[in-house]
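Q: Please take a close look at the salt bridges in this model. I want the pairs, where they sit and what surrounds them.

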Amino acid sequence: MVVIDGDYRSFFEVDPCEELTDDDIRTAIQDASGPRSALFVPEVPFEVLIRRQIARLLDPCVQCARFVYDELIKMSHSCMVNELQRFPVLRKQMDDVTGNFLHDGLQSSETMIGHVVEMEVIR
């Protein structure tokens with residue numbers, strides 16, 4: 001089991017209804033139904049409100065990816081065998097290659113997270 005050290009609570013403390021008032025919901029329903037009252041509330045106003053809330057998840061998701069990156073770096077350092085202590089240049093090269101590989105993956109992950117959130121917001 002992997003335990004992430006640090007302040008990871010911000011991801012789980014995102015309140016989905018923050019910055020969303022009852023007036024916002026009421027206005028969205030009224031805008032969707034028009035002057036007549038509808039028997040069933042259409043989904044469109046809720047989708048508009050949800051998209052605005054999804055955009056707020058970008059920073060916590062990127063932060064979560066960085067936590068995973070940090071944990072993978074720690075694991076890569078702890079996986080080095082004792083025999084490598086005799087070869088400091090080889091150990092340094094392995095650290096560099098592993099670090100570069102994980103950093104490239106982090107950049108790709110952050111880009112992908114941004115695109116997924118953007119697709120959900122624009123959709």
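A: What follows goes through the salt bridges pair by pair, then turns to the helices that carry them.

This is a predicted model, so local features need pLDDT of at least 70, side-chain atom pairs count only at pLDDT 80 or more, and totals for chains, interfaces and linings use all residues. Residues are numbered from 1 along each chain as its sequence is written, and side-chain values use heavy atoms, with hydrogens and water left out.

A salt bridge here is a side-chain nitrogen of Lys or Arg within 4 Å of a carboxyl oxygen of Asp or Glu. The count by this rule is 3 salt bridges.

Start with helix H3. Helices are DSSP runs (H or I, at least four residues), numbered from the N terminus. Arg51 pairs with Glu47, and their closest N and O atoms are 3.6 Å apart. Both residues belong to H3 (residues 44-54). They are 4 residues apart, about one turn of the helix. Glu47 is partly exposed, at 37% relative accessibility. The classes are buried (under 20% relative accessible area), exposed (over 50%) and partly exposed in between, with a 1.4 Å probe and protein chains only.

H3 also has buried residues: Pro45, Leu49 and Gln53. Seen down the H3 axis, its buried residues fall within an arc of 75 degrees, so they line one face of the helix. That arc is taken from the directions from the helix axis to the C-beta atoms.

Next, the pair between helices. Glu110 and Arg66 form a salt bridge at 2.7 Å, N to O. This pair links distant parts of the chain: Glu110 is in helix H5 (residues 88-122), Arg66 is in helix H4 (residues 58-78), and they are 44 residues apart. Glu110 is partly exposed at 22% relative accessibility. Arg66 is partly exposed at 44%.

H5 holds another pair. Lys92 forms a salt bridge with Asp96, with the closest N and O atoms 3.1 Å apart. Lys92 and Asp96 are 4 residues apart in H5, so about one helical turn separates them. Asp96 is partly exposed, with a relative accessible area of 30%.

Now H5 itself. It has 35 residues and reaches 50 Å from its first C-alpha to its last. That is close to the 51 Å expected at 1.5 Å a residue, where the expected span is 1.5 Å times one less than the number of residues. Buried residues in H5 are Asp95, Gly99, Leu102, Leu106, Ile113 and Val117. What covers the buried residues of H5 includes H3 and H4.

Technical notes:
Helices (H or I, at least four residues) and strands (E, at least two) are DSSP runs, numbered from the N terminus. Contact means heavy atoms within 4.5 Å.
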